[in-house]
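Student: I'd like to learn how to read helix packing in a model. Could we go through an example together?

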Amino acid sequence: MSHYSALKGYYHVRETIGSGGFAKVKLAYHNLTGDKVAIKIMDKRQLGEDLPRVRTEIDAMKVLSQQHICKLYQVIETEEKFFMILEYCPGGELFDYIVAKDRLLEEEARGFFRQIASAVAYIHDKGYAHRDLKPENLLLDEDQHLKMIDFGLCAKPQGGMQRHLATCCGSPAYAAPELVAGQEYLGSEADVWSMGVLLYALLCGFLPFDDDNIANLYKKIQSGKYDVPKWLTRESVKLLDDLLQVDPKKRIPIKHLLCHPWLLTGYDVPVSFKPKHKKRYIDEDCLTELSVFYNRRREDLKREINEWNYDYLTATYLLLLNRKHKKRPIRLISQHRLLD
Ligand SMILES: CN(C)C[C@H]1CC[C@H](N2C(=O)NCc3cnc4ccc(-c5cc(Cl)c(O)c(Cl)c5)cc4c32)CC1
């Protein structure tokens, strides 16, 4: 049974709910709120050369705070392990959602695609490229909202997003032609291509470029030719064509995508990528609950929260803030309080 002493007293660890490559993900309860969290556990010994990926992901997730990015609450590092305490997404992978429905109707695909565009535009605006966009890395929360995960392969090119990248990474079927050709590429342009593959998967239920033989798969990707099933509307095909341009310079830029006619249909407002809540602003109600519970001066607590140490205080504050956004009671329960 899991005994993780580093979590003792802070989280009540339950069963393993999934695995992501070199990590195990467990369901856990945050003791003071009773709220569910997902804890991504990595053993340093087993990480080997993947260790830098963990630091990449942790550093990226500390910066990236937006409604369509899975929230990092706390990071605990011990001699032998990393623990990332993350927002729990009960709806599982978008991949499984598509498989269960075979394929999505245009309206539903649009709802998801607007959220994906919001997340991608936000991380690009912050100078990051995800580089492994696929339905397995998009989770559904309890309100069917999408949360982007797995920033282990993301890049923050030195000198900004106009700088080229070289390392080939991500999942082949979603990889851009310039990436599989081993050429230098712009992370932002490669992400937009992956969004095209993602949109095709949402609308069709299968991949535009697929082959068991990797060399043939690369040829298909570089040809840029894909089947257009009869159920696709003309507008959907036009958008796919804008996204799946083999020449990255002809590919639609993410900022234009946010106001593309297909994304506007039925919404009439462009996709917004700005975070719904300002990170800098500390919520007064959450601060009150924390200062009463910890018997600490508000000013001291506010300053400590604003250090964003991603310790237990950060996690407790963010979980209380989550409750406020979901109009749930902002309450901390402590076993001692229940006892006294
Ligand atoms: C590419 N796939 C295989 C990866 C799997 C990994 C397990 C996932 N998962 C479940 O299996 N059950 C439910 C579940 C619930 N809440 C989660 C919250 C966060 C994460 C999470 C977040 C980050 Cl940032 C990250 O890097 C990783 Cl690896 C996981 C996973 C959750 C989850 C589904 C996708």
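**Reading a helix pair**

Tutor: Happily! The crossing of α4 and α6 is right-handed. Keep in mind that this is a predicted model.

Student: How are two packed helices described in general?

Tutor: Two numbers do the job: the angle between the axes and the distance between them. Here, α4 (residues 106–125) and α6 (residues 187–204) pack at about 165°, with axes 10 Å apart. Angles over 145 degrees count as roughly antiparallel, so α4 and α6 are roughly antiparallel to each other.

Student: Which residues of α4 and α6 meet?

Tutor: From α4, they include Phe112, Phe113, Ile116 and Val120; from α6, they include Met195, Leu198, Leu199 and Leu202. By class, this contact has 12 nonpolar, three polar and two charged residues.

Student: Why do residues three or four places apart point the same way?

Tutor: Because an α-helix has 3.6 residues a turn. In α4, Ala109, Phe113, Ile116 and Val120 are among the residues that meet α6.

Student: Is α6 largely enclosed or open, and how many of its residues are buried?

Tutor: Buried means under 20% relative accessible area. In α6, 18 of the 18 residues are buried, so the rest of the structure largely encloses this helix. Its length can be checked too: at 1.5 Å a residue, α6 should span 26 Å, and its end C-alpha atoms are 26 Å apart, which agrees.

Student: What comes just after α6?

Tutor: Glycine 205, with a positive phi of about 85°.

Student: And tyrosine 294, buried or exposed?

Tutor: Tyrosine 294, in helix α11, counts as partly exposed because its relative accessibility is 31%. Leaving out residues up to four places away in sequence, tyrosine 294 touches Leu32, Tyr312, Leu313 and Thr316.

Terms used:
Residues numbered from 1 in each chain as written. Predicted model: local features only at pLDDT ≥ 70, side-chain atom pairs only at ≥ 80, totals over all residues. Heavy atoms only, no water. Axes fitted to C-alpha atoms, helices over the stretch in contact; angles between N-to-C directions. Helix = DSSP H or I, 4+ residues; strand = E, 2+ residues; numbered from the N terminus. Parallel < 35°, antiparallel > 145°, perpendicular 65-115°, else oblique. Left-handed = near helix turned anticlockwise from the far one by under 90°. Contact = heavy atoms within 4.5 Å. Nonpolar A, V, L, I, M, F, W, Y, C, P; charged D, E, K, R; others polar. Buried < 20%, exposed > 50% of the residue type's maximum accessible area, 1.4 Å probe, protein only. Expected span 1.5 Å × (residues − 1).
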